[in-house]
Every structure is written in C-alpha cells, then in structure tokens.
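Me: Please take a close look at one part of this model and build outward from there. I would like a connected account of what the side chains and strands are doing, with the reasoning given where there is any.

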Amino acid sequence: MKQDNSRRYFLKKAALGSAAMTSAPFILSASKNESILMQREYETNVFSSNDHINLALIGTGIQGIFDTQAALTVSGIQLVAACDLYTGRLDRAKELWGDAIFTTRDYREILNRKDIDAVIIATPDHWHKKIVIDALKAGKHVYCEKPMVQHWEDGQAIISAQTASGKICQVGSQGMSSLGNDKAKQLYLDGAIGDIVMLDFYNDRYSAEGAWQYPIPPDASKETVDFDTFLGKAPKVPFESERFFRWRNYKDYGTGVAGDLFVHAFSTLNHVIDSHGPNRAMATGGLRYWKDGRDVPDVSITLYDYPKTETQAAFNAAFRINFIAGSGGGSGFKLVGTEGEMEIGQNSVSLTRSKLSLVPSGYSMISFPEAMQEKIKNGYAQQNLETRASALKTGTSKWEAPKDYKGGHHDHFYNFFKAIRENGKVIQNPTFGLRAAGAALLANESYYKKEPVNWDPTEMKMV
C-alpha cells in the first residue's frame, strides 16, 4: 500500500472508531498519555521425546549461550551438542546443559551427526559464510547470528546454498520477531506517522565490557585455544589471547560497531517499513578512547539516504555509536514522519502525534503594521487551516508488552522452529539478512575509504 493512501486509511479508520484498529482510541483522544497492552498468542503443542528438534550450538561464546538459552524456551527443543575452540567453553556447556551433550572443537563433527536437525552458528563473523554453507549442504537447518556475512560480497553464496538445500535459514537479529516490531509495522502501514522523513538511531555505552573488553581466562594458551583454526582465512599471526576473546575489536574477524549494532537497527527498520534498504552512506568517526590494540573505531556516525519507493518516501537515517559516553549510556530508535513519530523497542512502541502549526505567530508578524497584521490573520482564518479535528488527532500513546512476555529473542526462535516443523517461512531469511548486513557494512566501506559509498538495495551490491 502506498504511503499517501495508507495515511488516509489510518485517519479514516480512526474517525470511524474501528474496533480492529487498536490505535483508534489514541487518535480520537486529546493530548494525554495512555498505555495499551500488546498481546500475542502461541500454539501450545506438547511434543513427545521422539518429536523433539535436536539442536547443536557452534560457537559457545557469550551470544551463543544467550541464543541457546532462548531457543530452549521453545517447546520441543533439546540441545545435543556444542562446539567451541576454547576448552573452557566446552566445560561451561556441560555445566549449563548436562554431561550428556556431545562437545567438540571441530564443527564438522557436529555436521556429520545424523541426529542433529538444526544448528545455531554464533562464531566470529569471519567464519559465518563457511560454516553456514557447510551446514546447509549437510542438510541442517541454520540459525546464523548477525551479521550474516563479514563482507557483503559473501551474501549471494549463502542465498544460493539455502535455495539449493531447501532447508530453513534464519538470521539472528533477535528483536526482529518482537511484539514491538510487529506493532510498529502495523502502525506505519496504517499511516500513523505520515510519510517517513528520518530515522534516528543511537547506542551509547560507558563501560569496558560495553566496549568489548571482555574478560580473558587465566588458562588461555595455545593448548586450551585452537588459535590456528580460529584464524581461518584471516592473516596468520602468533597466538594472542586478546584476538580470540575480544575478536570484535579487529576487522580481520569482526565487523566493528556496524556489524554488531547497526545491523539490528537495519533489520527492524527494513521490516517495519517494508524496505530493501538505503542507497548511499557517508561515515565518520575514530578511535577516541579504547586504544587497546583494536583497529576499529569506538565512535561512529553514519548518515544514510533511503530512496523513494512504493512503501516509503525518500528519507534520511542517522546512526550513532559512542563507546565512551560520559552520560552513562543509553540507546534509542525513532522513526520521524510528517505527522508523528514512533520510538520502537522490543517490548514497547510509543507513538506521538503533534499539531502542525500552519498559521504565523507574532514572531514573523512583528515587522508589519498592526492593520496589515489583522488583514494577514483574517486571510489565514478564512482558509481554516487549523481545524478542531486536527487538534483532536494529537497526543501520545504507548503500546507495552505484558509482564509475562517471553521477549523478542524467544519469538525469533519460536518462528524459526515453527518454520522447520511446518516447512514454512522465516521473518529474516538470507536475502533479508544480506540487505540488513550490506546496509550496515556500508558504514565500514565509507569509513575506511574516507568517502561516501553507493549501494543498490535491490540487487544487494555496491555501485
């Protein structure tokens, strides 16, 4: 639906008081705060032990553990194996999930097992392409952590491998399936903010951990860490525990703040507004504080241009990351339109609509004689630009998840496993994953080239 038509549709439904339109009470209210509960129903299937989906984890680091914990909140799932290149993480896997699970340093042993139906791939970014393709060829369903690829050029190979395999492949930007995203998408399609003109996204951090200075275990050594395998096709360097345990700090293995954080925002943005992504990016920033050997910036600002399409007006997006935010930290994701704005989170959406002032105030009238001021005022009054109806369509509403909501992480895995059981579709397939990753990685392209870069969001390639 085109945005100009959808906006009129939104206001028409509000005026009619449609019971199906959950935002109608807000539109008809005067300026005030109101809270509306979001809801979601789940299927309550009970699975026998013979009908479980057997899951394996490849990459038992921080995110791998969080992913697996979320996956196991879905009924009918059991973890049977875990893989990592550090022996301590294999010990941790048994602590968390029992001595019966199979553990290995070689992910190929996971893929060779016939009893494994699906794998979570939560390795460093530079291993994603290789392991995803190997897993699909081995007949496994794949849940791959974001960003799907370290380099945008690698994305088409994953898309082709998934198509050829017929297996389900979901990219893990965990908030994608959340109640907040679904509500924001509904509101946008119904024209709640008018035509989008800007996205404002920021993530401020003020801790060593937030800046990826993760702890290094005292037993880290060439004996406990398979460092050569970790390097893969990256440049060969002597063993260095920081590179293994803090790999996000190095562009040889990670994707910087763009691949770690921007990609979440692009996933939500492209989903909410049904977009393929931006067509131009310009980045700046630098290494301002965390000069610990890393070669990626800790402050990053990137401006993106989105073209006009059937689902969106042309607009701009501003992405900002600061790993030394003296304010203490915080984050935000806000869509700004011609008639309102939405602040979107996984568990809530705030919609604010304000009255657009179309009549001049004393500020611009002061240079005219009083008689002329009266003529100007009368002329505007006859146009009836500011009606009572327009004033009634202002205010703020907030949609919130219930207290027992399991969260967007659970929902993303719920959708993944439901697609496996029903041979259905996932919300973030490899094509979607490449569009989100490609847009994010434009920031790195621009930053290191020190110039704006152009992108074809439909063909998913640099131009």
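Reply: L358 has a relative accessible area of 40%, so this leucine counts as partly exposed. The model is a predicted one, and the values here are computed from it. L358 sits in the loop that runs between β14 and α12 (362-365). On the surface, L358 belongs to a nonpolar patch together with L356, V359 and L385. The accessible area of these four residues adds up to about 320 Å².

The strand before that loop, β14, covers residues 348-353 and runs antiparallel to β13, with four bridges joining the two. Within this pairing, E341 of β13 faces T352 of β14. The connection from β13 to β14 is a hairpin of three residues. On its other side β13 is paired with β12 (residues 330-337), again antiparallel, over three bridges. Here V336 lies opposite E341, and a hairpin of three residues links β12 to β13. E341 thus has a residue opposite it in both pairings, V336 in one and T352 in the other.

The two faces of β13 (residues 341-344) are unlike in cover. M342 and I344 make up the covered face, while E341 and E343 lie on the uncovered one. The order of these residues follows a general rule, because side chains in a regular strand alternate between the two faces of the sheet.

Elsewhere in the chain is a parallel arrangement. Six strands make an open sheet in the order β4-β3-β2-β5-β6-β7, with parallel pairing. β4 (102-104) and β7 (169-172) are the edge strands; each has a single partner, so one side of each has no neighbour in the sheet. From one strand to the next the twist averages 20 degrees. Inside the sheet, β2 (residues 53-58) pairs with β3 (residues 77-83) through six bridges, and A82 in β3 is the bridge partner of L57.

The cysteines can be dealt with briefly. There are zero disulfides in the structure. C144 takes part in none, its nearest cysteine sulfur being that of C169, 6.5 Å away. That separation is too far for a bond between C169 and C144, because a disulfide requires sulfur atoms within 2.5 Å. Both residues are under cover: C144 counts as buried because its relative accessibility is 0%, and C169 counts as buried at 2%.

Charged side chains form 23 salt bridges over the whole structure. One of them joins D84 and R89, whose closest N and O atoms are 3.6 Å apart. D84 is buried, at 6% relative accessibility, whereas R89 is partly exposed at 21%. In another, E95 and R92 approach to 3.1 Å between their closest N and O atoms. These two are three residues apart in helix α4 (residues 87-97), which means that about one helical turn separates them. E95 is exposed, with 60% relative accessibility, and R92 is partly exposed at 38%.

The salt bridge between D154 and K129 has an N to O distance of 3.6 Å. This pair links distant parts of the chain, 25 residues apart: D154 is in the loop between β6 (141-145) and α7 (155-165), and K129 is in helix α6 (residues 128-137). K129 counts as partly exposed because its relative accessible area is 31%. Finally, R40, D182 and D411 are connected in a salt-bridge network.

Notes. Residues are numbered from 1 along each chain as its sequence is written. This is a predicted model: local features need pLDDT of at least 70, side-chain atom pairs count only at pLDDT 80 or more; totals for chains, interfaces and linings use all residues. Side-chain values use heavy atoms; hydrogens and water are left out. Buried means under 20% relative accessible area, exposed over 50%, partly exposed in between (1.4 Å probe, protein chains only). Two strands pair if DSSP finds at least two bridges between them. Patches are made of residues with over 30% relative accessible area and no salt bridge: like charges are joined within 9 Å, nonpolar side chains (Val, Leu, Ile, Met, Phe, Trp, Tyr) within 5 Å. Accessible areas come from the Shrake-Rupley method with a 1.4 Å probe; for residues, only the protein chains shown count as cover. Axes are lines fitted to C-alpha atoms, for helices over the stretch in contact, and angles run from 0 to 180 degrees between N-to-C directions.
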